[in-house]
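Please examine the model below with attention to how its structural terms are applied.

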Amino acid sequence: MLNNYNVTVADLFTLITKLKNAIEEIIFENGNLSFALQSEIDSLTLEMGNDLANNFEILTKSNQNYKSENSNLLTEYKKAVDLSNIVSKTNPKGVITYVNDKFCEISGYTRDELIGKPHNIIRHPDMPREAFKDLWDTIKAKKSWNGVVTNMKKDGGQYIVDTTVIPILDVDGDVVEYIAIRHDITELEETKQQLRNINKAMKSKVDELYSMTNTLEQKAFKDNLTGINNRENFEDIFSIEIANAKQNNLPLSLIIFDVDHFKLINDTYGHQAGDIILKELVGLIADHIKNGDVFARWGGEEFVILTPSTEIVGAHNLAENLRKLVQAHMFSYVEKEITLSFGIAQLGEDDDKKTLFEKADSAMYEAKKNGRNRIEMHANGISN
């Protein structure tokens with residue numbers, strides 16, 4: 001057929017090469033040409049070349065005129081592959097039978113050190129066994145394999161290659177050898193790793209800044225000693241809860257309490273002991289108020305609890321439980337009991353933040369005047 005149409009094997013090789021170049025050019029122009037894709041194109045081109053070579057052997061038995069011409073062509077094709085790729089060949093057992101100059105250059109081994117050795121001479125210990133099992137399962141099934149492999153140089157360094165391994169079959173379809181074609185992508189992979197490291201470092205820095213911001217926000221809202229809401233934050237919440245209660249016609253009660261004779265505690269045991277007692281007190285009370293209640297330090301030994309959706313009687317019950325709880329608790333440093341005085345008021349129709357606070361505060365001072373360790377509620381005359 002070649003004779004009839006005056007087509008030579010050289011023409012077919014030229015056609016294959018042009019086809020390969022045209023495909024790569026189109027893909028490159030579209031911005032999709034990757035190392036893996038280029039390797040696959042090279043592999044397919046090599047397979048087509050091998051097919052031509054095998055068929056050429058058959059042709060030369062009947063027509064010796066083709067032999068010289070196409071042997072030279074195959075030599076030139078091999079030279080082109082060797083110059084642009086890292087190439088090796090192994091027998092079916094994985095023993096190296098051929099390496100090109102680029103293989104020796106990148107691995108650091110001489111050709112004599114590689115020929116006759118198993119291919120795992122360049123295996124990097126970081127490469128998982130599963131990757132090589134997949135490779136061997138694929139090529140033993142007479143299929144081409146492609147993947148990224150990290151290899152180890154003679155001096156212990158590493159290099160990364162995009163690898164395609166092609167099984168070469170004889171006329172009976174049996175594997176006679178494997179050809180591996182590689183592209184060095186070490187620099188690309190190291191750049192990608194550097195970018196990953198930079199991204200990781202940036203994320204860590206962002207997390208750190210977020211944490212610092214969150215901490216500063218917490219400090220802005222929380223009391224430095226006890227960790228509960230500070231006065232400024234409580235006043236903001238107080239305004240919101242009053243507006244919500246009035247808009248939705250809900251009850252709202254305010255409890256103010258003070259530690260009885262706290263100045264005497266500071267004078268007797270010291271301010272450090274006083275701070276520890278306040279922290280213990282806050283921890284005890286915080287564990288016994290309900291979700292939704294707003295607990296804050298108003299200043300010194302004075303505290304407030306805002307109880308949304310709670311009538312004054314419910315607030316009184318809460319205050320009584322807290323009064324008994326604190327009186328029964330054994331605090332650090334002091335041997336005698338610590339007691340609290342409470343004042344309670346409920347939001348009225350004409351109340352605002354200022355008037356509600358004044359009512360509860362007045363009730364608390366009434367409790368102190370009436371003997372301390374007791375509860376006074378504004379306006380309705382109930383007291384304990």
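The following questions and answers set computed values against definitions.

This is a predicted model, in which local features need pLDDT of at least 70, side-chain atom pairs count only at pLDDT 80 or more, and totals for chains, interfaces and linings use all residues. Residues are numbered from 1 along each chain as its sequence is written, and side-chain values use heavy atoms, with hydrogens and water left out.

Q: Why is the pair of F257 and F303 called stacked?
A: Rings of Phe, Tyr and Trp (its six-membered ring) pair if their centres lie within 6.5 Å; planes under 30 degrees apart count as stacked, over 60 as edge-to-face and the rest as tilted. The ring centres of F257 and F303 are 5.5 Å apart and the planes stand at 20 degrees, so the pair is stacked.

Q: Where in the chain do F257 and F303 lie?
A: F257 belongs to strand 6 (residues 252-259) and F303 to strand 8, 46 residues apart. Strands (E, at least two residues) and helices (H or I, at least four) are DSSP runs, numbered from the N terminus.

Q: What makes D101 and R111 a salt bridge?
A: The term requires a side-chain nitrogen of Lys or Arg within 4 Å of a carboxyl oxygen of Asp or Glu. For D101 and R111 the N to O distance is 2.7 Å, and the criterion is therefore met. D101 lies in helix 4 (residues 101-107) and R111 in helix 5 (residues 111-114), so the pair ties together parts that are 10 residues apart in sequence.

Q: Why does D101 count as exposed, and why does R111 count as partly exposed?
A: Buried means under 20% relative accessible area, exposed over 50%, and partly exposed in between (1.4 Å probe, protein chains only). D101 has 57% and is therefore exposed; R111, at 34%, is partly exposed.

Q: What separates E358 and K354 in helix 12?
A: These residues are four apart in helix 12 (residues 353-369), and are therefore separated by about one helical turn. Their side chains meet in a salt bridge (2.6 Å, N to O). K354 is exposed at 55% relative accessibility, whereas E358 is partly exposed at 40%.

Q: How do you know that K89 lies over the face of Y98?
A: A charge sits over a ring if NZ of Lys or CZ of Arg is within 6 Å of the ring centre and within 35 degrees of the ring normal. K89 lies over the face of Y98 at 5.7 Å from the ring centre, and the distance cut-off is therefore satisfied.
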